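Visitor: Take me in for a close look at one part of this model, please. Pick a spot, start there, and then follow whatever threads seem worth following.

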Amino acid sequence: MSVAAKYRLASLYVGDLHADVTEDLLFHKFSAAGPVLSIRVCRDLATGRSLGYAYVNFLQLADAQKALDTMNFDEIKGKPIRLMWSQRDAYLRNSGIGNVFIKNLHRSVDDKTLYEHFSGFGRILSSKVMSDDQGSKGYAFVHFQNQSAADWAIQEMNGKVIKDRQVFVAPFKSRQDREAELRTKASEFTNVYIKNFGDDMDDERLKGVFSKYGKTLSVKVMTDSSGKSKGFGFVSFDSHEAAKKAVEEMNGKDINGQLVFVGRAQKKEERQAELKQMFEQLKKERIRRCQGVKLYIKNLDDTINDEQLRKEFSSFGSISRVKVMEEEGQSKGFGLVCFSSPEEAAKAMTEMNGRVLGSKPLNIALAKRQ
């Protein structure tokens, strides 16, 4: 084994760092475990602010193991740190091998509690309870070194109770795999959602409307606390063909003087996934339209806003987007203009570069293709 490879094996990732933690502070902390070769707190290239994680490289593998065993979840500047082996192998990180997904966690379950419940099944490469500003999101990931440990954890922990909550534990699935499952469900649905039929509807009447399309397993009109219809409900058929026919023939039809919507019933996560996919597609389309036709406008006068910038550039062609970058309502002195064609953008740059707008000469550059 090369010297470089040896030192890589003795490297730890240190996560969840307080923004004020420095290399000196970490060196003082981890030197107690053994000789430290180097420490790097990862920082934003533009601002120099800590990104909340660091790498600690030990001289000896045993010292790195000692630090992992004795210092994981210790507090530095009031925040518990999260230690794991530095994983340089991108394939292992992204393959899903040994990766476990846990959901329905109690909000009080933190990284330490998660680690304590799962570390007995094998060596953990990483573990993390997902959270935001409000705290835990109720789900987590644990990545084991090998698949057998992950399988054991799933077998033993799925359905177990942690802090009064029965947790769901299963193999991790990539976003691509989850989206593929949703597409499969969409093509084989049997549950139908109906809305906008008003408050003069009950289960029996709704069943009478839809039973002609096939055998129904269940029919439910959603009601409020007084038993009054909320104007929507669900019908579950015993076959996809019956559900599909009901959607095709009833969507947009008149029931009790109301045009109803009839479509495939979706779970919340399915709707969110579809919306996310749609927004990502729109974002890609916007980026595609701006490729080669986006101008960066620098050295803007503080008085110039979006409307004024559009007015100055509109004579050169069709503009799809204009934005003066701001911070706390004040111009940051630069912006962008997107044209509908590269020719229009080139003409605008030729004519406007160096022209005084307000009190400053403009500095214009064509955005490079990614």
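Guide: Let's start with helix α9, on the face turned away from its buried side, where you'll find the exposed residues Glu241 and Glu248. Keep in mind as we go that this is a predicted model. Now swing round to the other side of α9, which spans residues 240–250: the buried residues here are His240, Ala242, Ala243, Ala246, Val247 and Met250. Look down the axis of α9 and those buried residues fall within an arc of 170°, so they line one face of the helix. The spacing has a simple background: an α-helix has 3.6 residues a turn, so residues three or four places apart point the same way. Step just past the end of α9 and you come to Gly252, which takes a positive phi of about 90°.

Carry on along the chain to helix α10 (residues 268–290), where Met278 sits. Met278 is partly exposed, at 43% relative accessible area. It belongs to a nonpolar patch on the surface, together with Leu275, Phe279 and Leu282. Between them, these four have about 410 Å² of accessible area.

That's the nonpolar side of the tour, so to speak; now for the charges. Side chains of opposite charge can pair when their charged atoms come close. Searching the whole structure turns up 8 salt bridges, and three are worth a stop.

One is between Lys29 and Asp74, with N and O 2.8 Å apart. That pair spans 45 residues of sequence, from Lys29 in helix α2 to Asp74 in the loop between α3 (61–71) and β4 (75–76). Both partners are partly exposed, Lys29 at 22% relative accessible area and Asp74 at 25%.

Next, Lys128 and Asp16 form a salt bridge, with their closest N and O atoms 2.9 Å apart. The two come from distant parts of the chain, 112 residues apart: Lys128 is in strand β8 (residues 124–132), while Asp16 is in the loop between β1 (11–15) and α2 (23–30). Lys128 is partly exposed, with a relative accessible area of 21%.

The third stop is Arg82 with Asp111, a salt bridge at 3.9 Å from N to O. Arg82 belongs to strand β6 (residues 82–85) and Asp111 to helix α5, so this pair ties together parts 29 residues apart in sequence. Arg82 counts as buried, at 8% relative accessibility, and Asp111 counts as buried too, at 12%. Put the last two stops together and you get one network: salt bridges that share partners join Asp16, Arg82, Asp111 and Lys128.

Asp111 deserves a longer look before we leave. It lies in helix α5 (residues 111–118), and its side chain reaches the backbone nitrogen of Val129 at 2.8 Å. Set aside its neighbours within four places in sequence, and what is Asp111 in contact with? The list runs to Asp16, Phe73, Arg82, Lys128 and Val129. So why call Asp111 buried? Because its relative accessible area is 12%, and buried means under 20%.

Key. Residues numbered from 1 in each chain as written. Predicted model: local features only at pLDDT ≥ 70, side-chain atom pairs only at ≥ 80, totals over all residues. Heavy atoms only, no water. Helix = DSSP H or I, 4+ residues; strand = E, 2+ residues; numbered from the N terminus. Buried < 20%, exposed > 50% of the residue type's maximum accessible area, 1.4 Å probe, protein only. Polar contact = N/O pair within 3.5 Å; in protein donor to acceptor, adjacent residues only side chain to side chain. Contact = heavy atoms within 4.5 Å. Patch = residues over 30% accessible without salt bridge, like charges linked within 9 Å, V, L, I, M, F, W, Y side chains within 5 Å. Areas by Shrake-Rupley, 256 points an atom, 1.4 Å probe, with all protein chains shown as cover. Salt bridge = Lys/Arg side-chain N within 4 Å of Asp/Glu carboxyl O. Arc of directions from axis to C-beta.
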